[in-house]
Amino acid sequence: MTNSMRQHTRIRVELGDRSYPVDIGPGVRHSLPGIVRQLGARRAAVVSARPDDWIPDPGVPSLTLRARDGETDKTLGTVEALCREFVRFGLTRTDVVVSVGGGTTTDVVGLAAGLYHRGVAVVHLPTSLLAQVDASVGGKTAVNTPEGKNLIGTYWQPSAVLCDTDYLRTLPEREMLNGYGEIARCHFIGAGDLRELPLHEQIAASVARKAQIVSADERDTGLRHLLNYGHTLGHALELATDFRLRHGEGVAIGTVFAGRLAQALGRIDAQRAVEHLEVVRHYGLPHELPADVGPAQLIELMRRDKKATSGLTFVLDGKDGPELVSGLPEEVVTRVLAETPRAAV
């Protein structure tokens with residue numbers, strides 16, 4: 001057995017007849033033709049934000065559509081444009097859509113596949129660390145509006161996910177950090193301490209924890225809220241900075257803030273709050289609020305969060321582990337925001 005083969009990991013997301021595998025390791029993208037064959041698809045629409053040589057041959061007649069990663073293209077307009085191209089290509093509900101790209105491409109293509117003909121099979125080939133540990137697994141698809149992040153979407157599970165770690169070799173450092181933000185928050189939702197593991201094992205552990213949670217709660221009725229650890233403030237920071245802060249960077253700052261807020265509410269002690277900071281700093285992630293964003297703006301944005309059905313809502317650590325906490329007093333959240341260190345301008 002070669003070293004690369006030993007690094008291949010398969011994790012299953014168990015959802016009855018909608019269960020699917022997540023394959024992790026070098027070269028796993030080349031199993032795409034076999035997956036397409038198993039699906040019985042006669043043609044494939046491949047939506048790619050990466051160069052042609054990053055796209056494996058799906059093994060059936062295919063159409064390649066160009067995408068761009070980045071929050072500005074994460075809109076309903078992009079979804080409509082993709083669906084119209086599917087129509088022109090003659091894609092049927094028995095065919096397959098393939099995404100090749102980062103988190104934005106994965107989200108947009110997943111939503112387009114879920115809406116086209118009321119649902120056509122989709123296979124994700126996430127090419128960024130963020131997409132491999134987060135967006136590609138779990139079936140959440142969504143786009144943004146000027147009013148908020150991921151406010152329009154649906155659940156549409158993929159038929160397979162191929163997390164090819166060869167893709168990560170070309171990522172710039174900041175894009176790797178973007179993914180580490182999601183890995184860091186896994187420390188506090190039951191994945192254990194991943195800091196000293198090789199990267200592919202960190203990816204596998206993060207995906208395995210997410211698969212456990214999604215299998216138990218596909219549609220955010222309870223346990224799945226844990227995956228939003230650090231995200232309430234993280235999403236607000238993305239919007240407040242006009243996406244100058246990347247998603248994983250916002251989640252990292254949000255994770256540190258979640259520790260501070262939990263301590264202020266008496267849910268955890270000071271040592272556990274400091275652990276939030278230590279984990280985030282281990283990955284070289286930002287941990288301070290931007291100097292040009294004030295508490296009032298962040299409070300207003302956090303009120304629009306999808307979880308906020310009853311006042312300000314956060315996933316917070318506690319003596320019995322993390323849980324969704326609603327109806328937090330605005331004055332407490334404002335005070336902790338005001339006391340949180342800010343990055344130098």
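Contact here means heavy atoms within 4.5 Å. With that in hand, here is a walk through this predicted model, starting with a strand residue.

**V98 and its surroundings**

V98 sits in strand 5, residues 96-101. Skip the neighbours within four places in sequence, and V98 is in contact with L32, A45, V46, V47, V109, V123 and L125. Its relative accessible area is 0%, so V98 counts as buried. For a sense of scale, V98 and L15 are 83 residues apart in sequence, and their C-alpha atoms are 21 Å apart in space.

**Helices 3 and 4**

One of the V98 contacts is V109, and V109 is also among the helix 4 residues that meet helix 3. In general, a pair of packed helices is described by the angle and the distance between the two axes. Here the axes of helix 3 (residues 76-89) and helix 4 come within 9 Å and cross at roughly 55°. That angle makes helix 3 oblique to helix 4, and the crossing is right-handed. On the helix 3 side, the residues involved are T78, V79, L82, C83 and F86, and they meet V108, V109, L111, A112 and L115 of helix 4.

Helix 4 spans residues 103-115 and also holds D107. Is D107 buried or exposed? With a relative accessible area of 10%, D107 falls under the 20% cut-off and so is buried. Its side chain is joined to that of K74 by a polar contact of 2.8 Å. Beyond the neighbours within four places in sequence, D107 touches K74, A135, K140, T141, A142 and N150.

**Helix 8 and the core**

Now for the other end of the numbering. Helix 8 covers residues 231-240, and nine of its ten residues are buried, so the rest of the structure largely encloses it. The buried ones are H231, T232, L233, G234, H235, A236, L237, E238 and A240. What do they pack against? The partners are strand 8 (148-155), helix 6 (173-186), helix 9, helix 11 (295-303), strand 10 (312-316) and helix 12 (330-339).

L298 gives a view of this packing from the other side. Leaving out neighbours within four places in sequence, L298 is in contact with L233, A236, L237, A240, L289, V293 and L337. Of those, L233, A236, L237 and A240 are on the list of buried helix 8 residues.

L298 also stands out in the largest nonpolar core, which has 65 residues: L298, M302 and V333 touch the most other members. Helix 9 (residues 247-264) supplies the largest share of this core, with seven residues. As a general point, nonpolar side chains in soluble globular proteins tend to be buried together.

**Two positive phi values**

Most residues other than glycine have a negative phi. Two loop residues here go the other way, and the table puts them side by side.

| Residue | Phi | Loop | Relative accessible area |
|---|---|---|---|
| R118 | near 60° | between helix 4 and strand 6 (121-126) | 74% |
| D242 | near 55° | between helix 8 and helix 9 | 63% |

R118 is exposed, and D242 counts as exposed too. D242 follows helix 8, the helix with nine of its ten residues buried.

Conventions
Residues numbered from 1 in each chain as written. Predicted model: local features only at pLDDT ≥ 70, side-chain atom pairs only at ≥ 80, totals over all residues. Heavy atoms only, no water. Core = buried A, V, L, I, M, F, W, Y, C linked by side-chain atoms within 4.5 Å. Buried < 20%, exposed > 50% of the residue type's maximum accessible area, 1.4 Å probe, protein only. Helix = DSSP H or I, 4+ residues; strand = E, 2+ residues; numbered from the N terminus. Polar contact = N/O pair within 3.5 Å; in protein donor to acceptor, adjacent residues only side chain to side chain. Axes fitted to C-alpha atoms, helices over the stretch in contact; angles between N-to-C directions. Parallel < 35°, antiparallel > 145°, perpendicular 65-115°, else oblique. Left-handed = near helix turned anticlockwise from the far one by under 90°.
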